[in-house]
Amino acid sequence: MTSSKGVVNGSFEEGGYVPSQRRVERERFKRARARRAVGVAALSTLVTAVVLFLVITRSPGWPRTRETFFSAAYARKALPEVLDGLLLNLRLLVVCGAAVLVLGLLLAVARTLRGPVFFPLRALATAYTDFFRGLPLIICLLMVVFGVPALRLQGVTTDPVMLGGTALVLTYSAYVAEVFRAGIESVHPSQRAAARSLGLSGGQTLRFVVLPQAVRRVVPPLLNDLVSLQKDTGLVSIAGAVDAVYAAQIIAGRDFNFTPYVVAGLVFVALTIPMTRGTDWITARMDRKRAQGGLV
Amino acid sequence: MSTTDDTPRPADGAVGHEAPGDGPVLRLESVRKTYGRGTVVLRDVDLAVPAHTVTTLIGASGSGKSTLLRCAGLLEEIDDGAIFLDGAEITDPRSDADSVRRRIGVVFQAYNLFPHMTVLDNITLAPRRVHGMPRAQAEARARELLERLGLGGRGGEYPDRLSGGQQQRVAIVRALAGRPRLLLLDEVTAALDPELVGEVLGVVRDLKEEGMTMVIATHEMGFAREVADQVCFLDGGVVVERGTPEQVFGDPQHDRTRQFLRRIIQAGRL
């Protein structure tokens with residue numbers, strides 16, 4: 001390339017360009033259309049909200065319902081205790097989430113290993129996921145939380161939180177392993193061929209080429225499982241640990257008012273939303289970097 | 001601007017569908033396209049493609065050939081200017097883009113066949129779902145087109161089982177199945193082995209004989225010269241030179257065209 005070198009990928013905008021009348025008109029029309037669309041959406045949202053509001057507040061049981069479920073006084077009283085309990089949920093989520101991701105990834109990799117040498121490993125991983133995916137979480141919890149202490153093993157914890165967390169990891173790693181495996185298998189075989197052709201070993205291919213692509217694809221379903229895990233951390237309360245839901249239950253039982261449940265529910269929702277938006281943002285940014293763009 | 005008003009070819013009508021009007025099928029008027037912040041990919045591009053003629057776009061990689069085709073196929077939004085199909089502006093935000101795309105066939109460099117569908121399903125998807133054609137009729141027509149392009153009996157196969165040349169011919173059949181008014185071909189042989197290039201170019205030649213209106217971006221200079229009624233040399237998003245193949249290849253007026261052709265000849269591609 002000689003003279004055209006500087007403009008191979010288009011050249012930079014110089015000051016001389018002035019939008020044509022056609023463009024100005026076109027953009028004005030598009031803006032008007034966008035405004036109209038926003039207007040229609042806003043109006044229909046408003047109408048729906050008003051109708052819902054009227055239907056609910058005009059219902060015969062509303063005053064009573066508001067007092068039992070949406071009492072500001074009870075909410076204020078319950079919030080500190082619920083938040084205290086939430087700390088347990090959060091601790092469990094962080095520790096179990098990390099353990100689940102690591103164990104799930106290991107299981108998925110074990111299931112995708114090829115060759116007769118790895119048969120026992122493959123079979124073990126398959127049996128593990130089959131079993132723990134099928135076993136209801138609550139039964140798994142009961143077995144671990146009450147069964148393990150009953151063995152009276154030396155040096156094994158009887159702490160319900162530790163044991164409950166273990167049960168959560170057992171079940172959730174089976175789910176997550178399947179998500180990772182789907183991601184690994186969705187990477188086109190040509191990618192593996194290209195990596196091996198460069199002399200990368202099977203392990204290196206997995207680590208540098210297959211897994212990065214696989215993990216990226218399964219971020220949304222993984223998040224799904226993590227949110228689900230976050231809510232299921234509350235189940236450790238069956239062994240007596242006080243988490244946000246159990247704290248709410250205690251207050252509700254004491255005061256005969258359901259507001260603490262609503263508070264606990266909202267707290268959980270408030271936790272998941274930033275997580276979801278965060279991953280949305282990350283995946284959107286990755287897409288922008290790679291995609292070709294275009295109109296369709 | 002039009003240098004190609006030599007005799008319009010008689011329409012065979014078997015491939016393309018006819019629309020009234022004597023004007024150019026496709027016309028670009030001062031089209032401008034930028035990417036990101038300030039990278040101008042097309043700058044004030046004017047182009048007219050009369051019915052039953054072939055226009056080839058030549059130029060280095062990144063000169064804007066593909067972008068021009070993508071804009072004309074309404075796969076990219078232009079920043080300024082206008083594009084007309086049969087005299088009607090298709091870049092007007094009031095026009096129905098889907099109905100325009102129905103009338104324009106696009107063949108991509110990387111085939112872009114749907115890997116989860118058989119060849120026949122790839123071809124009949126749009127006729128059945130967009131044009132509302134009954135399955136039997138759509139399949140009969142697909143088989144006939146496949147037969148014509150030397151792919152008879154391949155309808156039941158999945159794209160990954162075919163060679164590159166066969167896949168690209170299937171992609172051409174898929175683009176033709178909706179009886180487009182205009183066919184846009186974007187570097188359709190760039191991903192093919194040399195011995196497979198011929199079979200695809202042969203198909204394009206046949207389409208020209210049948211009177212299909214086409215715009216072809218290509219690196220195959222011999223082909224660009226042979227098949228074209230009009231050759232268009234792009235550089236840096238600008239149409240530097242436009243004319244008959246004899247004019248552009250035989251007697252280029254611009255320095256940049258001459259340099260480009262010299263490099264091509266040095267590379268042994270002409």
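These legends go with several close-up views of a predicted model.

**View 1. Helices α6 and α8 of chain A where they cross.** Here we're looking at α6(A), residues 160–186, and α8(A), residues 202–217. Their axes come within 8 Å and cross at roughly 120°. That angle is outside the 65 to 115 degree range for roughly perpendicular and not over 145, so α6(A) and α8(A) count as oblique to each other. As for handedness, α6(A) passes α8(A) in a right-handed crossing. On the α6(A) side, the contact is made by Phe180(A), Gly183(A), Ile184(A) and Ser186(A). The α8(A) side brings in Val210(A), Ala214(A), Val215(A) and Arg217(A). Sort the residues of this contact by class and you get five nonpolar, two polar and one charged.

**View 2. Helices α3 and α4 of chain A packed together.** This pair is α3(A), residues 72–112, with α4(A), residues 119–134. The packing angle is about 130°, and the axes sit 8 Å apart. With that angle, α3(A) and α4(A) are therefore oblique to each other. The crossing of α3(A) past α4(A) is left-handed. Look for Leu107(A), Ala110(A) and Arg111(A) in α3(A). They meet a set from α4(A): Leu121(A), Arg122(A), Ala125(A), Thr126(A), Tyr128(A) and Thr129(A). By class, the contact of α3(A) with α4(A) divides into five nonpolar, two polar and two charged residues.

**View 3. Chain B as a whole, for orientation before the next close-ups.** Chain B's secondary structure comes to nine helices and 10 strands. Its C-alpha trace spans about 55 × 45 × 40 Å along the principal axes. A compact globule of 270 residues would have a radius of gyration near 18 Å, and chain B, at 18 Å, agrees with that. Of those 270 residues, 50% count as buried. Take the contacts in chain B between residues at least 6 apart in sequence: 70% of them join residues at least 24 apart.

**View 4. Asp44(B), a non-glycine residue with positive phi.** Most residues other than glycine have a negative phi. Asp44(B), though, has a phi of about 50°. You'll find Asp44(B) in strand β2 of chain B, which covers residues 39–49. Its surroundings put it in the partly exposed class, because 16 other C-beta atoms lie within 10 Å.

**View 5. Leu74(B), with a positive phi in a loop.** Leu74(B) isn't a glycine either, yet its phi is positive, at about 55°. The residue sits in the loop between α1 (65–72) and β4 (80–85) of chain B. Is Leu74(B) buried or exposed? With 22 C-beta neighbours inside 10 Å, Leu74(B) counts as buried, the cut-off being 20 or more.

**View 6. Ala224(B) in helix α7 of chain B and its contacts.** The helix around Ala224(B) is α7, residues 221–227. Ala224(B) has 25 C-beta neighbours inside 10 Å, so it counts as buried. Which residues does Ala224(B) contact, leaving aside its neighbours within four places in sequence? They are Thr56(B), Ile58(B), Thr218(B) and Val231(B). For a sense of scale, take Val238(B), 14 residues from Ala224(B) in sequence. The C-alpha to C-alpha distance between Ala224(B) and Val238(B) is 19 Å.

Note on methods. Residues numbered from 1 in each chain as written. Chains lettered and ligands numbered in written order. Predicted model: local features only at pLDDT ≥ 70, side-chain atom pairs only at ≥ 80, totals over all residues. Axes fitted to C-alpha atoms, helices over the stretch in contact; angles between N-to-C directions. Helix = DSSP H or I, 4+ residues; strand = E, 2+ residues; numbered from the N terminus. Parallel < 35°, antiparallel > 145°, perpendicular 65-115°, else oblique. Left-handed = near helix turned anticlockwise from the far one by under 90°. Contact = placed C-beta atoms within 7 Å. Nonpolar A, V, L, I, M, F, W, Y, C, P; charged D, E, K, R; others polar. Rg over C-alpha atoms; globule rule 2.2 N^0.38 Å. Buried ≥ 20, exposed ≤ 12 C-beta atoms within 10 Å, placed from the backbone.
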